[in-house]
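Welcome! Please take a look at the structure below and try each exercise yourself before reading its solution.

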Amino acid sequence: MIKAILIFNNHGKPRLSKFYEHYNEDTEQQIIRETFHLVSKRDENVCNFLEGGMLIGGSDYKLIYRHYATLYFVFCVDSSESELGILDLIQVFVETLDKCFENVCELDLIFHVDKVHNILAEMVMGGMVLETNMNEIITQVDAQNKMEKSEFFPFFSLSLYRRLSFSLPGRTGRHRPVLQERPLVPYQL
Amino acid sequence: MSPSVPLQEMIRAIRSARTQCEERGVIQRECATIRAQFRQADNEGRSHNLAKLLYVHMLGYPAHFGQMECVRMIASPRYSEKRVGYLGAMMLLDEKQDASLLITNSIKNDLANSNQYVQSLALCTLACMGSAEMCRDLAPEINRLLRASNSYIKKKAALCAVHIVRKVQDLGELFAPSARCLLTEKNHGVLHGAVVLITELCECNPESLERFRKTVPDLVQIMKGLVISGYSPDHDVAGISDPFLQVRILRLLRILGHNNEAASDAMNDLLAQVATNTDSTKTVGNAVLYETVLTVLDIKSESGLRVLAVNILGRFLLNNDRNIRYIAMISLQKIVGTDHNAVQRHRGTIVDCLKDQDASVKRRALELSLALVSASNIRSMMKELLSFLSSCPPELRSQTASGIFIAAERYAPSQRWHIDTILHVLTTAGGDVRDETVPNLIQLITNTSELHCYTVHKLYRALHNDISQQPLVQVACWCIGEYGDLLLRGECQEMEPVQVTEDDVLDVLEVVLQSHMSSPSTRGFALTATMKLSTRITENVDRIRSIVSIYGSCIDVELQQRAVEYNALFKKYDHMRAAVLERMPVIEKNSQGHTNGDSTGETVKENLAVKVKQAEPQQAANQVCDLLDLLGGSEPPLQSSPALGSTAPLPIGTAGTAGGDLLDLLGGLEPTAIMPAPTVSVYDKDGVTVTLSCEKQSDSGLSITLTASNSTDSDIRGFTLQAAVPKSVQLHMKAPSGDSLPARGAAKVTQMVVLNNPNKVNLKMRLRISYTSQGSAVQDTVQVDSFPGLGH
C-alpha cells in the first residue's frame with residue numbers, strides 16, 4: 001500500500017501532497033519537512049530507496065524517490081509493493097504529466113495543483129495502483145475535463161480556452177521542462 | 001472565467017510575497033474572504049473558493065472550516081463542484097470528523113448516477129477515506145458495481161472493495177464470488193484490480209485462501225498470455241507486456257502456492273519460463289525477475305528451480321545498478337534462514353557492499369553480514385565488521401556494536417579473542433553500546449581467570465590513552481581495582497612486560513575521578529577501585545586514605561556515601577578491611593547462549609531444554625522437578641535468577657542423574673499417581689514418531705501430551721505440530737519443549753494440549769506435523785480418532 005505521495009522542490013516547498021492515511025495538519029507538514037531533509041541529503045548516484053525517518057517511515061515503510069530537475073517525487077510505500085515497480089510508476093506518472101501539460105515544468109505544477117490531483121486520482125486510488133497505461137489515463141482525464149468545461153463554457157470552443165489559459169504572464173524562472181533535465185540515474189524503462 | 005484562474009491569481013499573490021510574514025498576511029486575508037463567502041448561501045464561485053482553500057491547506061495553514069463546504073459541494077448537481085468537493089473531502093475529512101458521516105448519503109446517490117465519472121468520484125473518495133460504518137453501508141452497492149458492464153467502473157470498484165475489506169474484514173465473504181468472475185476479463189486495469197482484491201481476501205482470511213487456490217490455473221494462463229504474446233502497444237513497457245500486472249500476479253501466486261504442493265506444482269513450469277525468458281537488461285525486466293525469484297523461494301518449488309532463483313539473485317548482487325543490488329540484498333535477507341548455504345556463497349560480495357558509499361546499501365549489507373556470521377568464518381568476518389564500525393555512519397553504530405557482541409558471544413574461537421574484540425569495540429564506539437555491556441564484560445573477565453593479568457594490562461594501557469569512552473573506563477577501573485596486584489607485579493605471559501608503579505596507577509584513577517568527562521557512575525567505579533587497591537598495594541595507602549577522605553564532602557551523594565563508608569573502614573574497622581576488600585566471587589554465567597568456542601551452541605541450548613523436560617510428561621513428575629529446584633538446584637536453571645544460595649554451577653550433564661538421586665531421596669514422596677499413562681503412537685513415518693497420551697482432568701477437560709522423537713541419522717529442525725478439533729471443542733496448545741529433534745532419538749520434544757469438550761461430542765483431532773530434515777521441508781497430516789484411556 002502506498003502511504004503518501006509527495007512532490008517538493010529542491011528547497012523543500014511542497015508542490016503536491018497526497019496522504020492515504022489521515023494525519024492532522026501539523027503532522028503532515030512535519031512529515032514533508034522530514035522527508036525533504038532525508039531526501040536532499042542523498043548523493044547523486046546512490047540508490048533510490050531510503051529507510052529511516054520517524055513519522056512516516058516505520059519499520060515496514062520505505063521511501064522511494066526520483067529526482068527530476070528541480071523536483072523530488074517521493075512515494076512512501078510498505079513492503080507489499082514491489083520497489084522497482086514503484087520506480088517505474090513514478091516514471092509513468094511524470095510522463096503522463098508531461099503529455100498532459102506539454103513539456104511540464106515546475107510552474108505547471110504550481111499553478112495547476114488541482115489538475116495534478118485529478119491525474120493522480122486516475123493512477124493511484126486509496127493507496128493502491130489503479131491504472132498504469134498512460135493512454136488510458138490521459139483519455140479519462142481529458143473526458144472529465146471536457147465535462148467540467150462544458151458546464152462553464154457552453155458557448156466557447158475548447159481551443160479558445162487553451163489560448164486563454166496559456167497567456168498567463170510571468171512564466172519565467174523555473175521554466176526548465178521536468179523531463180529533459182539531468183535525471184538522477186540514466187533511467188531505463 | 002475558467003474555473004482555475006482565481007486560484008491562480010491567489011497563487012501568484014502568495015508567491016510574490018517576499019517574507020514568511022507577508023505570505024501569512026496574504027493567506028489570512030484570503031481565508032477571511034473565503035470564510036465570508038462560505039457563509040453566503042448561494043455563490044457562483046464556490047468551487048474556486050474551495051480550490052483556494054485546498055491549496056492553502058497544502059501549504060500547511062488550517063483549513064478545517066472548509067469541511068461543511070465540502071459536504072455541500074458534494075451534494076451539488078454540477079460536476080465541477082462535485083469534483084472539488086470530493087477532493088476536499090479526501091484532504092480534509094477523515095473518519096474521526098462527524099462531517100464524514102454526512103457524505104455517506106451523497107456517495108450512495110452518486111454511486112447510482114448514470115454518469116460514469118460521477119460514479120468514479122464517489123468510488124475514489126470512498127476508497128481513500130471511507131470509515132467502517134460507511135463501508136458497511138455501501139458494500140452492497142460496490143458489489144453491484146463489480147458486476148457492471150463498464151470496465152472503467154469495474155476496476156475502480158475492485159480497488160474500493162479492497163479498501164472495504166481492509167476496514168471490515170467480514171465483508172470479504174460478500175466480494176469473493178464477484179472477484180472470481182473478474183478474472184475472466186480482458187481489460188488489464190480490471191484484471192489488475194481483481195488480482196489485488198483476491199490478494200487482499202487471501203491475506204486476511206485463510207478459508208478464502210483455500211477457495212482461491214482453484215484459480216491458480218487461470219492465473220497461470222493469464223501470465224502465459226502476457227509472457228508469450230507478441231508486442232502489444234497498449235501495455236508494452238520497454239519490451240515487456242504490462243509488467244505491473246505480471247508482478248501482481250506473481251505475488252498472488254506466491255501467496256497461493258505457499259505451503260501447498262498441488263498449487264506449487266501447477267506453477268513450476270510457468271515460473272521457469274518467466275525466469276529464463278525475461279530480459280534483464282532493463283529495470284522492468286528486473287522487477288519481474290525479482291518477483292519471480294521471491295515466488296520461487298517461497299513456494300514448494302523443485303530444487304532445480306530454487307538453484308536458478310538463487311543464481312539470479314547472485315547476478316543481481318553483481319549488477320552495477322545500486323537499486324538492483326539493494327533489492328537483491330533484501331531478498332537474500334529473507335532466505336538466509338532457510339537457504340543459508342546458498343547465501344554464504346555470496347558472502348564476499350556482501351562484505352564488499354559494506355564499503356559502498358550509499359547508506360541504504362550499507363544498512364542492508366550490515367544486516368546480511370551479521371546473519372552470515374558462522375563459526376567457520378568468524379575471524380575474517382569480525383575483521384570486516386570492526387573496520388566497518390570505525391567508518392560507519394552514526395545511525396548504524398549501535399546496531400553494529402550489538403551485532404558484533406552477539407556474534408562474538410556465539411562463535412568466539414577463544415577467550416582472549418573474545419575479550420580483545422569487545423575491547424576493540426569499546427575503544428572505537430564506546431558511546432554507542434548498550435548499558436548491559438559493562439556488566440557482561442565484567443562477568444566475562446571474571447570467568448576467565450587465566451587471562452586476568454593480560455586483561456588488566458591491556459585495560460590499563462587503554463585507560464592511559466583515553467578516558468572519554470565511559471563503558472571502557474568503567475570496566476578498566478573495575479579491573480584495576482580487582483587485579484591491581486597483578487598489574488603491579490609487572491610480568492605477564494601474553495604481553496611484553498611493562499613496569500607500572502603504584503603511583504602511576506593511583507594517578508590514572510585520580511585523573512578519572514577528577515575529569516569532567518567522567519559520568520557519576522564512572523566516578524563511583526573509580527573510587528571503589530581506589531579503595532580496593534588499598535589492600536593490594538603496599539606503600540601508598542596514605543595517599544588512598546587522603547583521596548577517599550576528600551570525597552567525603554563531595555556534592556554527589558552517591559559518591560559521598562561511598563567515601564564516608566570507606567573512611568569509616570579505614571578508621572574504625574581497619575582490621576576488617578582486608579576481608580571486606582578481597583577478590584569478588586565469580587559471577588555465574590546464567591544467560592543462554594554462552595557457548596564460547598562451541599559451534600553447535602544452538603543445539604546445546606536445545607538439548608538443555610529438552611533434557612530438562614525429558615522426565616515423564618506427567619503432572620506428577622513436573623511437581624517432582626519443582627521440588628528438585630527448591631532443594632538447591634540440581635540443574636542450572638534456564639531462567640536468569642541463580643539458584644538459591646548456590647554459587648558453584650554444577651556440571652550441566654548430570655541433570656538427569658541428579659534428579660534421579662533426589663527422587664530416591666524423596667522415596668515416600670514419590671507420588672503414587674505416576675501410572676504410565678496409556679500412550680498410543682499416532683504417527684510413524686521416515687523415522688519420526690509421535691506418540692500421544694492423555695489424561696482426563698475434569699468432566700469435560702482433557703490434557704493430551706504429544707511426544708516426538710527422531711530415529712533417523714540426521715537432525716531435524718523446525719519441528720512443529722498443529723492441531724485441529726471439531727468445532728465445539730476448545731483447544732489450547734501449550735508451548736512445545738523445543739523444535740529440534742537430534743538424530744537417533746537423543747532427545748524428544750513434548751507438547752501439551754488442553755482440550756475442553758463441554759458438549760461431549762465425539763472427539764477427533766487432526767494433527768499436522770511439519771519439520772525440516774536435511775534441508776528439505778516435510779509436512780504430513782494424520783487424524784486421531786480414538787484417544788487411549790478415554791473409552792471413546
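The exercises below go through a predicted model, with a worked solution after each task.

**Exercise 1. Confidence in chain A**

Find the mean pLDDT of chain A, and name stretches of the chain where the pLDDT is below 50.

*Solution.* Start with the whole chain: the mean pLDDT of chain A is 79, and 76% of its residues reach 70 or more. Next, look for weak spots. Residues 155-174 of chain A have a pLDDT below 50, and this stretch makes 18 contacts in the model beyond near neighbours in sequence. Residues 181-189 of chain A are also below 50, with 23 contacts counted in that way.

**Exercise 2. Where the two chains meet**

Work out how many residues each chain gives to the contact, and how much area is buried between chain A and chain B.

*Solution.* First count the residues: 67 come from chain A and 79 from chain B. Then turn to the area, which is about 6500 Å² buried between the two chains, with 55% of it on carbon and sulfur atoms. Now consider charges: 6 salt bridges are counted between chain A and chain B. One of them links A:Glu122 to B:Lys156, with 3.2 Å between the closest N and O atoms.

**Exercise 3. A threonine in a loop**

Is A:Thr132 buried or exposed? Also list its contacts beyond four places in sequence.

*Solution.* Begin by locating the residue: A:Thr132 sits in the loop that runs between strand E7 (128-129) and helix H5 (134-152) of chain A. Its relative accessible area is 16%, so A:Thr132 falls under the 20% cut-off and is buried. Finally, sort its contacts by chain. In chain A, A:Thr132 touches A:Leu89, A:Val92 and A:Ile137. In chain B, A:Thr132 touches B:Asp242 and B:Phe244.

**Exercise 4. A leucine in a helix**

Place B:Leu513 in its helix and find which residues it touches.

*Solution.* The helix is H28 of chain B, residues 502-514. With a relative accessibility of 1%, B:Leu513 counts as buried. Now look beyond four places in sequence: the residues in contact with B:Leu513 are B:Arg523, B:Ala526, B:Leu527, B:Thr530, B:Ile547 and B:Tyr551. Take B:Ala526 as an example: 13 residues separate it from B:Leu513 in sequence, while their C-alpha atoms are 6.2 Å apart in space.

**Exercise 5. A sheet of 5 strands**

Trace the strand order of the 5-stranded open sheet in chain B and decide which strands are at its edges.

*Solution.* It helps to recall that strands of a sheet pair through backbone hydrogen bonds. Reading across, the order is E3-E4-E5-E8-E7, and the pairing is antiparallel. Strand E3 (679-685) and strand E7 (730-733) of chain B each have a single partner strand, so they are the edges and one side of each has no neighbour in the sheet. On average, neighbouring strands here are turned by 20° against each other, direction ignored. Zoom in on one pair: strand E5 (residues 701-710) and strand E8 (residues 749-756) of chain B are joined by 8 bridges. Within E8(B), B:Val753 is the residue opposite B:Ile704.

**Exercise 6. A sheet of 3 strands**

Repeat the analysis for the open sheet of 3 strands in chain B.

*Solution.* The order is E6-E9-E10, again with antiparallel pairing. At the edges stand strand E6 (716-724) and strand E10 (776-784) of chain B, each pairing on one side only. The twist from one strand to the next averages 15°. Strand E9 (residues 765-773) of chain B is held to E10(B) by 9 bridges. For B:Ile769, the bridge partner in E10(B) is B:Asp780.

Notes: Residues are numbered from 1 along each chain as its sequence is written. Chains are lettered from A and ligands numbered from 1 in the order in which they are written. This is a predicted model: local features need pLDDT of at least 70, side-chain atom pairs count only at pLDDT 80 or more; totals for chains, interfaces and linings use all residues. Side-chain values use heavy atoms; hydrogens and water are left out. pLDDT is the predictor's confidence in each residue, from 0 to 100. Contact means heavy atoms within 4.5 Å. Helices (H or I, at least four residues) and strands (E, at least two) are DSSP runs, numbered from the N terminus. Buried means under 20% relative accessible area, exposed over 50%, partly exposed in between (1.4 Å probe, protein chains only). Two strands pair if DSSP finds at least two bridges between them. Axes are lines fitted to C-alpha atoms, for helices over the stretch in contact, and angles run from 0 to 180 degrees between N-to-C directions. Buried area is the accessible area (1.4 Å probe) that two parts lose on being put together, summed over both. A salt bridge is a side-chain nitrogen of Lys or Arg within 4 Å of a carboxyl oxygen of Asp or Glu.
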